[in-house]
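Colleague: Got a minute to walk me through this model? I'd like to start with the ligands and then look at helix packing.

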Amino acid sequence: MLPTPSSRRGIVLILSSPSGAGKTTLTRMLLQDRDLDLTLSISVTTRTRRSSEVDGIHYSFIPERRFAAMRDAGELLEWAEVHGNFYGTPRGPVEDILAQGRDCLFDIDYQGTRQVREKMGADAVTVFILPPSMDELRARLERRAEDTRDAMARRLENARNEIARWKDYDYVIVNDDLQRAFDDLIAILRAERQRRPRRDKEIEQFVAKLLSE
Ligand SMILES: Nc1nc2c(ncn2[C@@H]2O[C@H](COP(=O)(O)OP(=O)(O)O)[C@@H](O)[C@H]2O)c(=O)[nH]1
Ligand SMILES: Nc1ncnc2c1ncn2[C@@H]1O[C@H](COP(=O)(O)OP(=O)(O)O)[C@@H](O)[C@H]1O
């Protein structure tokens with residue numbers, strides 16, 4: 001048997017999509033599957049909390065001056081302004097997770113994805129989620145019904161600009177059938193975990209033992 005996965009390099013799995021395409025739903029499904037052993041990076045944001053969200057679980061909701069202080073102190077791995085609010089990834093928790101050889105899941109936008117890719121190179125695996133149609137995107141935002149009319153309009157307006165970023169990503173999934181999209185995500189994660197450069201150390205040990213037999 002190969003050694004446990006803790007001896008391989010941790011992956012940062014990034015999911016991005018226009019608002020309403022389903023990245024939060026897919027993130028939740030990934031986290032609920034305990035066997036996948038993924039840890040969510042909890043972003044800080046200056047956006048108002050939605051009724052379905054819990055502070056410290058979905059986001060840490062912070063005032064703008066606290067966000068600026070964290071950013072200026074270098075405590076954010078990346079940050080961006082999205083739909084008029086600030087969002088950022090606290091650096092410390094991510095470093096702890098990766099140091100344990102575990103994988104970290106990010107739900108961030110294309111601006112943040114670019115910054116993480118610059119800093120982490122091949123340790124970042126990026127997936128872009130597309131809606132099956134613009135009508136369905138609108139319908140999903142309306143069904144979710146957790147944004148004000150203004151916020152919803154703003155999200156739809158920005159969607160075309162976000163969709164145009166698809167080429168920045170390693171993988172693109174069209175989230176039509178949810179289970180199918182989830183299965184595709186798992187396939188991506190499993191294959192990425194097997195990539196040889198992430199496992200050099202463990203395979204080296206294994207092969208040394210193999211050849212000593
Ligand atoms: N760059 C960056 N983007 C983030 C972060 N957290 C969330 N986002 C993105 O901000 C956008 C808005 O997120 P949110 O307010 O939860 O709205 P939703 O996409 O409609 O669910 C989405 O594209 C998120 O992926 C972060 O820490 N950094
Ligand atoms: N494949 C799908 N088919 C139908 N509805 C979906 C699908 N994926 C997500 N949804 C629904 O669409 C809405 C928006 O999804 P959400 O995960 O909040 O999107 P995002 O995080 O990308 O803004 C939610 O009400 C969710 O239940």
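**Ligand shells and helix packing**

Modeller: Sure. This is a predicted model. Around ligand 1 there are 19 residues, and the closest are Ser19, Ser43, Ala80, Tyr87 and Gly112.

Colleague: Which elements give two or more residues to that shell around ligand 1?

Modeller: Strand S5 (76-82), strand S6 (85-90) and helix H4 (110-120).

Colleague: And how do the residues of the ligand 1 shell divide into nonpolar, polar and charged?

Modeller: Ten are polar, five are charged and four are nonpolar.

Colleague: Now ligand 2. How many residues surround ligand 2, and which are the closest?

Modeller: There are 13 residues around ligand 2. The closest are Gly22, Thr24, Thr25, Arg140 and Leu178.

Colleague: Which helices each supply at least two residues of the ligand 2 shell?

Modeller: Helix H1 (23-32) and helix H5 (134-144).

Colleague: What about the classes in the shell around ligand 2?

Modeller: Seven polar, four charged and two nonpolar.

Colleague: Switching to packing. At what angle do H1 and H7 pack?

Modeller: About 60°, with the axes of H1 and helix H7 (residues 178-194) 10 Å apart. That angle makes H1 oblique to H7.

Colleague: Is the crossing of H1 and H7 left-handed or right-handed?

Modeller: H1 and H7 make a right-handed crossing.

Colleague: Which residues make the contact?

Modeller: H1 brings Thr25, Leu26, Met29 and Leu30. H7 brings Leu178, Ala181, Phe182 and Leu185. By class, the H1 and H7 contact has seven nonpolar residues, one polar and no charged. Note that Thr25 and Leu178 also appear among the closest residues to ligand 2.

Colleague: Good. Next, H5 and H6. Where do their axes stand, and at what angle do they cross?

Modeller: The axes of H5 and helix H6 (residues 149-163) come within 11 Å. They cross at roughly 155°.

Colleague: Why do H5 and H6 count as roughly parallel or roughly antiparallel?

Modeller: Angles over 145 degrees count as roughly antiparallel. The axes cross at roughly 155°, so H5 and H6 are roughly antiparallel to each other. H5 passes H6 in a right-handed crossing.

Colleague: Which residues meet there?

Modeller: Leu137, Arg138 and Leu141 come from H5. From H6 it's Met152, Arg155, Leu156 and Ala159.

Colleague: And the classes for the contact of H5 with H6?

Modeller: Five nonpolar, two charged and no polar residues.

Colleague: Thanks, that covers my list.

Methods: Residues numbered from 1 in each chain as written. Chains lettered and ligands numbered in written order. Predicted model: local features only at pLDDT ≥ 70, side-chain atom pairs only at ≥ 80, totals over all residues. Near = placed C-beta within 6 Å. Helix = DSSP H or I, 4+ residues; strand = E, 2+ residues; numbered from the N terminus. Nonpolar A, V, L, I, M, F, W, Y, C, P; charged D, E, K, R; others polar. Axes fitted to C-alpha atoms, helices over the stretch in contact; angles between N-to-C directions. Parallel < 35°, antiparallel > 145°, perpendicular 65-115°, else oblique. Left-handed = near helix turned anticlockwise from the far one by under 90°. Contact = placed C-beta atoms within 7 Å.
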